[in-house]
Amino acid sequence: MNTTRSGRPALTRPDGTPVRVLVVDDDPDLAEVLSGALRYEGWQVCTAGDGAAALAGARELRPDAVVLDVMLPDTDGFAVLRSLHEVKPDVCVLFLTARDTVEDRIAGITAGGDDYVTKPFSLEEVVARLRGLLRRAGMARQQEEGPRMTVGDLVMDEEAREVTRAGDLVELSPTEFELLRFLMRNPRRVLSKAQILDRVWSYDFGGQAHVVELYISYLRKKVDAGRAPMIHTVRGAGYVLKPVT
């Protein structure tokens, strides 16, 4: 198995070329340090200091992931994110911010961000978060591919990253896919919000359950829409996925 200079298993795009990352921060020193850490992973990195440069860089690089500061000199990261999704809808976005309120965290996720890191942070944490996002999104080559899973009429092909229900394709975002995968790996088992946070987001999301509730609602609209529900709330305990009987 190939490894990076840091000793971690190498992560590449599915075609074997280097992962592409755009770093957007108006602090040139911080941007350079982040870029160095990501290049250490063997990735192709480009930087931008404001929103306009970020969009120009995204059009040129076509990044797999973007490390995006919320506060920029010409706009905010949320506005940049909306424009980035027009350039590359499936790009993974990791927000950087000095603000640490629940409202800011939820705003970043609801705006379409995939994860959120509060300054000051460790470079190791940023790299780990990005690796997790890229694997979940299928933007990077997996070391191991999971089997096809079936719960009732719900089928997930982990290798193709496709989900169908009763034969109909269900379009999911990377985070929705990971959440559904966790539920499908534990059918009929009640999973607490804390367990879901730990497994899907790989860290304690500030102890807040709002993000779990939000993504469960997204899944219900896609998986259960117009059909007998499979995703159930167990009051005071969590959520459970059950086949329709």
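Which residue in strand 4 is the bridge partner of Asp69? In this predicted model, the partner of Asp69 is Leu96. That pairing is a convenient way into the sheet to which both strands belong.

The sheet is open and has five strands, paired in parallel and ordered 2-1-3-4-5. Its edges are formed by strand 2 (44-48) and strand 5 (115-118), each of which pairs on one side only. From one strand to the next, the twist averages 20 degrees. Strand 1 (residues 20-24) is joined to strand 2 in the parallel sense by five bridges, and Val23 has Thr47 of strand 2 as its bridge partner. Helix 2 (residues 51-61) packs on the sheet and touches both strand 1 and strand 2. The direction of helix 2 makes about 175 degrees with that of strand 1.

Moving across the sheet, strand 1 also runs parallel to strand 3, with four bridges between them; here Val21 is matched with Ala65 of strand 3. Strand 3 in turn pairs with strand 4 (residues 92-97), again in the parallel sense, over five bridges. To get from strand 3 to strand 4, the chain passes through helix 3 (residues 77-87), making a right-handed β-α-β crossover.

Strand 3 deserves a closer look. In a regular strand, side chains alternate between the two faces of the sheet. On one side of strand 3 lie Ala65, Val67 and Asp69, on the other Val66 and Leu68, and all of these are buried. Because five of the five residues of strand 3 (residues 65-69) are buried, the strand is largely enclosed by the rest of the structure.

Attention now turns to the nonpolar cores. In soluble globular proteins, nonpolar side chains tend to be buried together. The largest core here has 28 residues, of which Leu180 and Ile196 touch the most other members. Two or more residues each come from strand 6 (148-151), strand 7 (154-157), helix 6 (174-185), helix 7 (193-200), helix 8 (210-224) and strand 11 (238-241). Leaving aside residues up to four places away in sequence, Ile196 touches Leu179, Phe182, Leu191, Trp201, Val212 and Tyr239. Apart from this core lies another, of 24 residues, including Ala37, Val67, Leu96 and Val117. Leu96, the bridge partner of Asp69, is thus met again as a member of that second core.

Finally, the cysteines: the whole structure contains zero disulfides. Cys92 is buried, at a relative accessible area of 1%, whereas Cys46 counts as partly exposed because its relative accessibility is 22%.

Terms used
Residues are numbered from 1 along each chain as its sequence is written. This is a predicted model: local features need pLDDT of at least 70, side-chain atom pairs count only at pLDDT 80 or more; totals for chains, interfaces and linings use all residues. Side-chain values use heavy atoms; hydrogens and water are left out. A disulfide is a pair of cysteine sulfur atoms within 2.5 Å. Buried means under 20% relative accessible area, exposed over 50%, partly exposed in between (1.4 Å probe, protein chains only). Two strands pair if DSSP finds at least two bridges between them. Axes are lines fitted to C-alpha atoms, for helices over the stretch in contact, and angles run from 0 to 180 degrees between N-to-C directions. Contact means heavy atoms within 4.5 Å. A nonpolar core is a set of buried Ala, Val, Leu, Ile, Met, Phe, Trp, Tyr and Cys residues joined through side-chain atoms within 4.5 Å. A crossover is right-handed if, with the strands pointing away from the viewer, the path from the first strand over the helix to the second runs clockwise.
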